[in-house]
Amino acid sequence: MRAVVYRGPRQVEVVEVPDPKLQEPTDAIVRITTTNICGSDLHMYEGRTAVEEGKVLGHENMGVVEEVGPAVTRIKVGDRVSVPFNIACGTCRNCLEGWTSFCTRTNPTEGMDGAAYGYANMGPYDGGQAEYLRVPFADVNLLELPPGTEHENDFTMLSDIFPTGWHGTELARMQPGDDVAVFGAGPVGLMAAHSALIRGASRVFVVDKEADRLRLAESIGALGVDLSAGDPVEQIMDATDGRGTDCGVEAVGYQAHDPSGEEHPELVLDNLVQVVRTTGGIGVVGVYVPQDPEAADEGAKEGRVGFDYGTFFTKGQHMGTGQAPVMRYNRHLRDLIVAGRATPSFIVSHELSLDQAVEGYERFDEREDGWTKVLLRPGQAA
Ligand SMILES: NC(=O)c1ccc[n+]([C@@H]2O[C@H](COP(=O)([O-])OP(=O)(O)OC[C@H]3O[C@@H](n4cnc5c(N)ncnc54)[C@H](O)[C@@H]3O)[C@@H](O)[C@H]2O)c1
Ligand SMILES: [Zn+2]
Ligand SMILES: [Zn+2]
């Protein structure tokens with residue numbers, strides 16, 4: 001089959017690789033209909049992870065079940081499914097408590113709980129930027145979708161970023177009526193803003209410096225805050241009569257930078273501590289890592305990001321972090337899509353064939369104007 005493989009910093013290639021096979025009786029093989037490029041893939045693409053050369057990338061996958069192992073009883077061949085990016089066993093302590101993003105059994109990497117497809121340190125699993133994908137514990141992991149092709153571009157957000165954005169608002173313990181600050185207007189930030197509005201936020205401020213992304217935020221009724229036009233904290237303080245917001249979501253991650261492009265991994269955490277009111281919550285879904293050899297400062301190379309903890313404590317704020325447990329939310333979010341109450345496809349900018357993945361990575365990585373969310377269609381001719 002054809003697949004997107006990692007070759008080295010800023011190098012991916014579409015090549016022939018062996019078809020995936022059932023390895024365990026609980027596995028399924030999914031024929032991929034849509035697979036997205038994620039901001040998380042860019043950490044690997046830019047050489048900022050320990051991902052091994054030759055890895056098939058892709059953790060945002062959906063498709064149609066092609067084959068099931070003899071122990072799969074719920075999922076059937078022909079089912080249209082969304083594949084959560086977390087690979088969960090369904091029976092360990094964390095899975096049973098709903099924390100499928102921290103499954104204790106599926107990732108053999110020392111010191112790591114939680115597995116994913118096609119991702120650095122997340123276990124030996126190939127990704128789905130390919131024609132086919134092997135899914136472990138298929139009955140546990142796969143979410144059934146209505147058959148056919150309707151809502152394909154909405155449903156494809158269910159594997160990661162729509163639940164991740166929702167999780168950001170959940171970690172922040174957002175309440176209806178809240179003013180919310182979302183940092184980052186990439187796909188994850190835009191999904192957090194969409195989620196906050198669905199959940200009844202009064203006002204959602206979305207901070208970025210990319211004009212096209214801020215326009216998208218405004219298209220759904222959020223308020224764009226352009227950080228290249230001045231301190232985003234001051235802009236939000238002015239708009240809230242000095243009160244700040246009730247809560248906030250971090251959707252940027254460890255490569256946070258100032259308008260000149262210089263990286264400051266603590267910058268967005270500091271901004272959120274300043275802009276969120278006393279006792280407010282901060283949901284951090286942007287990724288931070290324990291090792292980042294390319295980091296700008298010595299501490300950050302070891303994952304030590306020095307944010308303003310003193311003010312955070314003094315303000316009595318709380319913070320939730322980590323990979324989103326997709327399965328906790330994806331059923332409800334699917335139903336919101338079917339009911340017409342959620343349309344996460346508003347962020348889709350490009351629908352490419354698998355063979356155009358190289359260009360897709362390059363241009364999305366450049367945050368080129370208009371390249372917000374790239375979908376790949378393995379079944380589509382180049
Ligand atoms: N927790 C999870 O489960 C989970 C899932 C998916 C993605 N992620 C992470 O979420 C983050 C965002 O993903 P994405 O796909 O939206 O990526 P992205 O890189 O497309 O978007 C990040 C955005 O942040 C903006 N930005 C940079 N510095 C900023 C600053 N100082 N203030 C405000 N905005 C700033 C960039 O301009 C960009 O638009 C990444 O770190 C990704 O790895 C986490
Ligand atoms: Zn993703
Ligand atoms: Zn588990």
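# A tour outward from ligand 1

By class, the residues that form the shell around ligand 1 are 17 nonpolar, eleven polar and six charged. What is on the screen is a predicted model, and the tour starts from this ligand before moving to the domains, the helix α5 and a few single residues.

**Stop one: the ligand and its shell.** Select ligand 1 together with the 34 residues that surround it, and then pick out the closest of them, which are Gly39, Ser40, Gly184, Gly186 and Gly253. If the shell is coloured by secondary structure, the elements that contribute two or more residues are α1, α5 (161-171), α6 (187-198), β11 (203-208) and α9 (267-275). Among the contributors, α1 holds the largest share, with four residues. Where does the ligand lie relative to domain 1 and domain 2? Both domain 1 (2-160 + 325-377) and domain 2 (165-321) give residues to the shell, so ligand 1 lies between them.

**Stop two: the two domains.** Now colour the chain by domain, with 2-160 and 325-377 together as domain 1, and with 165-321 as domain 2. Measured out over C-alpha atoms, the centres of the two are separated by 26 Å. The contact between them draws 18 residues from domain 1 and 18 residues from domain 2. On the side of domain 1 that touches domain 2, α1 (39-45) and α12 (330-338) each supply at least two residues, and α1 gives the most, with three residues. Coloured by class, that side of domain 1 shows eight nonpolar, five polar and five charged residues.

**Stop three: the whole chain.** Zoom out and show the chain as a cartoon, in which 13 helices and 17 strands can be followed. The radius of gyration is 20 Å, close to the 21 Å that the globule rule gives for 382 residues, so the chain is as compact as a globular protein of that length. Along its principal axes, the C-alpha trace spans about 60 × 45 × 40 Å. If the view is then coloured by burial, 51% of the 382 residues count as buried. Among contacts with a separation of 6 or more, 72% are between residues 24 or more positions apart.

**Stop four: helix α5.** Return to α5, one of the elements that give two or more residues to the shell around ligand 1, and display its side chains. How many of its eleven residues are buried? The helix is mostly covered, with eleven of its eleven residues buried; among them are Ile161, Phe162, Trp166 and Leu171. To see what covers them, add α6, β13 (245-250), β14 (276-284), β15 (318-321) and α12, against which the buried residues of α5 pack.

**Stop five: histidine 167.** Within α5, select histidine 167. Histidine 167 is buried, with 26 other C-beta atoms within 10 Å, where 20 or more is the threshold for that label. Once its neighbours within four places in sequence are set aside, histidine 167 is in contact with Val285, Ala324 and Tyr329. For a sense of scale, draw a distance from histidine 167 to alanine 71, which is 96 residues away along the chain; their C-alpha atoms are separated by 32 Å.

**Stop six: two arginines with positive phi.** Step just past the end of α5 to arginine 173, which takes a positive phi of about 50°. Most residues other than glycine have a negative phi, and arginine 173 has its positive value although it is not a glycine. Arginine 173 sits in the loop between α5 and β10 (179-183), and it counts as partly exposed, with 15 C-beta neighbours inside 10 Å. Then select arginine 367, which also has a positive phi of about 50° without being a glycine. Arginine 367 is found in the loop between α13 (357-365) and β17 (374-377), and its 17 C-beta neighbours inside 10 Å make it count as partly exposed.

**Stop seven: strands β3 and β8.** Finish with strand β8 (residues 132-135), and ask which residues lie on each of its sides. Tyr132 and Arg134 are on one side and Leu133 and Val135 on the other, and with all four buried, both faces of the strand are covered. Add strand β3 (residues 28-36), which runs antiparallel to β8 and is joined to it by four bridges. To locate one of the residue pairs, select valine 30 and look across to its bridge partner in β8, leucine 133.

Definitions and conventions:
Residues numbered from 1 in each chain as written. Chains lettered and ligands numbered in written order. Predicted model: local features only at pLDDT ≥ 70, side-chain atom pairs only at ≥ 80, totals over all residues. Domains from an automatic or database assignment. Contact = placed C-beta atoms within 7 Å. Nonpolar A, V, L, I, M, F, W, Y, C, P; charged D, E, K, R; others polar. Near = placed C-beta within 6 Å. Rg over C-alpha atoms; globule rule 2.2 N^0.38 Å. Buried ≥ 20, exposed ≤ 12 C-beta atoms within 10 Å, placed from the backbone. Pairing = 2+ DSSP bridges.
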